[in-house]
Amino acid sequence: MKSYHLTYGGGIDSLVLREHEIPKPGWGEVLVRVRATSLNARELMILRGDYPLPVKPDVVAVSDGVGEVADIGEGVTRVKVGDRVAASLFPLWLDGPFSFDMAPQIGGSLDGMLTEFAVLSEQGLVLIPDHLSFEEAATLPCAGVTAWHALTGGRPPFPGDTVLTLGSGGVSLFALQFAKLYGARVIATTSTDEKANRLKALGADEVVNYRTNSDWHAAVRKLTGGRGVDYVIEVGGAGTLQNSLKSVAVQGQISWVGVLAQGEPAISLAALRSAFATLQFIAVGSRAQFIAMNRAIEVNRLKPVIDRVFPFEEAVDAFRYYQAGQFFGKIVIRHG
Ligand SMILES: NC(=O)c1ccc[n+]([C@@H]2O[C@H](COP(=O)([O-])OP(=O)(O)OC[C@H]3O[C@@H](n4cnc5c(N)ncnc54)[C@H](OP(=O)(O)O)[C@@H]3O)[C@@H](O)[C@H]2O)c1
């Protein structure tokens, strides 16, 4: 079997394909024949060397992968051979709040899914929705679960609430789709008119171009009659947080997920205080959240947005394509 390994901070050129014997699952472990993986911002952070969690040397790349159970070790009861499963990004985080002893993560301190076969703990697996192909389901573990957690991890939305999503990355597109399941109104920001049209086609009620309107918070306030939004799914970080604080309603919630917009002023304490909102930091999510999200996806026949699928042999091209930033939806790698 073949696996792509990487070197932390080594850039895309450090991705190398190695051959191994197919491993045997031990007690409580499952051998998964991986059928598809997808890329997330974390993969580029690891290759750049600015990922906040530990990454082991020569790790098998990529957190997000799905496949079918090919063999089970002794003591396994949660899955059987032939089941279609996904790996939970934090396999030790089963339920409840996050703690640092649950920080080992697939494609970081643990080997990842850009491989033909993976041995995983049965505890870190979830069944994938029946109506999704392997390629579609491969988009869920990081971006999907993070968006689900960001939206539902505090007070879940009520119909009629307003949710603000930033940009059209993987987390933001899932947040838009999930917010619509809750009957919320969605205001999205993006960088181009073409993406604005695609966001509207996906269900966004209003779209604000943050490139042509750097004071986009004022447009968001106006669209909410001055009240502000109930939720912000904050993926920009220091570069957008100040505007998010100016966009949120009193007692609204900002779920801070990421740091896409770097190098701009950090927030002021005065802005934080006067927002009268809750600011919570999100770390992907637990297995229980993954299962709850899958149930919502299955019942509502929700389909993830895929930009492009690359074959396993062209995985390095998939990374280069992702790094170039010209995409709308997830970038997926199809394994044999
Ligand atoms: N805390 C966690 O556990 C966790 C989990 C998942 C992701 N994250 C983080 O969350 C962020 C988003 O992840 P992702 O996977 O969704 O990323 P992604 O798919 O790579 O998102 C890329 C998109 O973000 C948008 N973007 C870029 N700069 C922006 C800016 N200044 N303001 C608003 N949007 C901007 C662009 O869309 P437009 O052209 O439409 O603006 C771009 O196409 C990343 O920083 C990632 O590391 C954190």
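Helices and strands here are DSSP runs, numbered from the N terminus, with at least four residues for a helix and at least two for a strand. With that settled, let me start. This is a predicted model. The chain holds 10 helices and 15 strands. The radius of gyration is 20 Å, close to the 20 Å that the globule rule gives for 336 residues, so the chain is as compact as a globular protein of that length. Its C-alpha trace spans about 60 × 40 × 35 Å along the principal axes.

Two more overall figures. Of the 336 residues, 48% count as buried. Then take contacts between residues at least 6 apart in sequence: 69% of them join residues at least 24 apart.

Now the domains. The chain is divided into domain 1, residues 2-139 plus 304-334, and domain 2, residues 145-281. Their C-alpha centres lie 28 Å apart. Domain 1 gives 8 residues to the contact, and domain 2 gives 8 residues. What is the side of domain 1 that touches domain 2 made of? It divides into 4 nonpolar residues, 3 polar and 1 charged.

Next, the core. The largest nonpolar core has 95 residues. Which of them touch the most other members? They are Val32, Ala147, Leu151, Val163, Ala175, Val229 and Ile233. Helix α3, residues 140-152, provides the largest share of this core, with 8 residues. Both domains take part: domain 1 and domain 2 each supply at least three residues to this core.

Look at Val32 more closely. Leave out residues up to four places away in sequence. Val32 then touches Gly67, Val69, Ala70, Val85, Phe117, Ala118 and Leu120.

On to the ligand. The shell around the ligand has 30 residues. The closest are Gly167, Ser168, Gly169, Gly258 and Ala261. Which helices supply at least two residues each? They are α1 (41-48), α3, α4 (170-181) and α7 (238-247). By type, the shell divides into 14 nonpolar residues, 14 polar and 2 charged. Domain 1 and domain 2 each give at least three residues to the shell.

Helix α7 deserves a stop, since we have just met α7 in the ligand shell. Its buried residues are Thr240, Leu241, Asn243, Ser244, Leu245 and Ser247. What covers them? The cover includes β8 (162-166), α6 (216-223), β11 (229-234), β12 (248-256) and α8 (269-275).

Gly239 also lies in helix α7. Is Gly239 buried or partly exposed? With 15 C-beta neighbours inside 10 Å, Gly239 counts as partly exposed. Find Ile267 on your screens too. Gly239 and Ile267 are 28 residues apart in sequence, and their C-alpha atoms are 8.6 Å apart in space.

Now two backbone points. Start with Asp58. Asp58 is not a glycine, yet has a positive phi of about 60 degrees. Where does Asp58 sit? Asp58 lies in the loop between α1 and β4 (64-72). Asp58 is partly exposed, because 13 other C-beta atoms lie within 10 Å, and a residue needs 20 or more to count as buried.

Then Val284. Val284 is not a glycine either, and has a positive phi of about 35 degrees. The loop here runs between β13 (278-281) and α9 (287-299). Why does Val284 count as buried? Val284 has 27 C-beta neighbours inside 10 Å, and 20 or more is the mark for buried. So we have two loop residues with positive phi, Asp58 partly exposed and Val284 buried.

Last stop, His131. His131 is placed in the loop between β7 (125-127) and α2 (134-137). His131 is partly exposed, with 13 other C-beta atoms within 10 Å. What does His131 touch beyond its neighbours within four places in sequence? The contacts are Glu298 and Arg301. Arg301 is 170 residues away from His131 along the chain, yet their C-alpha atoms are separated by 7.0 Å.

To recap. Domain 1 and domain 2 both contribute to the largest nonpolar core. Both also contribute to the shell around the ligand. Helix α3 gives the core its largest share, and α3 is also among the helices that supply at least two shell residues. That is the tour.

Notes. Residues are numbered from 1 along each chain as its sequence is written. This is a predicted model: local features need pLDDT of at least 70, side-chain atom pairs count only at pLDDT 80 or more; totals for chains, interfaces and linings use all residues. A nonpolar core is a set of buried Ala, Val, Leu, Ile, Met, Phe, Trp, Tyr and Cys residues joined through C-beta atoms within 7 Å. A residue is buried if 20 or more other C-beta atoms lie within 10 Å of its own, exposed if 12 or fewer, and partly exposed in between; C-beta atoms are placed from the backbone. Domain bounds come from an automatic or database domain assignment. Two residues are in contact if their C-beta atoms, placed from the backbone, lie within 7 Å. The radius of gyration is taken over C-alpha atoms; the globule rule is 2.2 Å times the number of residues to the power 0.38. A residue is near a molecule or strand if its C-beta atom, placed from the backbone, lies within 6 Å of it. Ala, Val, Leu, Ile, Met, Phe, Trp, Tyr, Cys and Pro count as nonpolar, Asp, Glu, Lys and Arg as charged, and the others, Gly among them, as polar.
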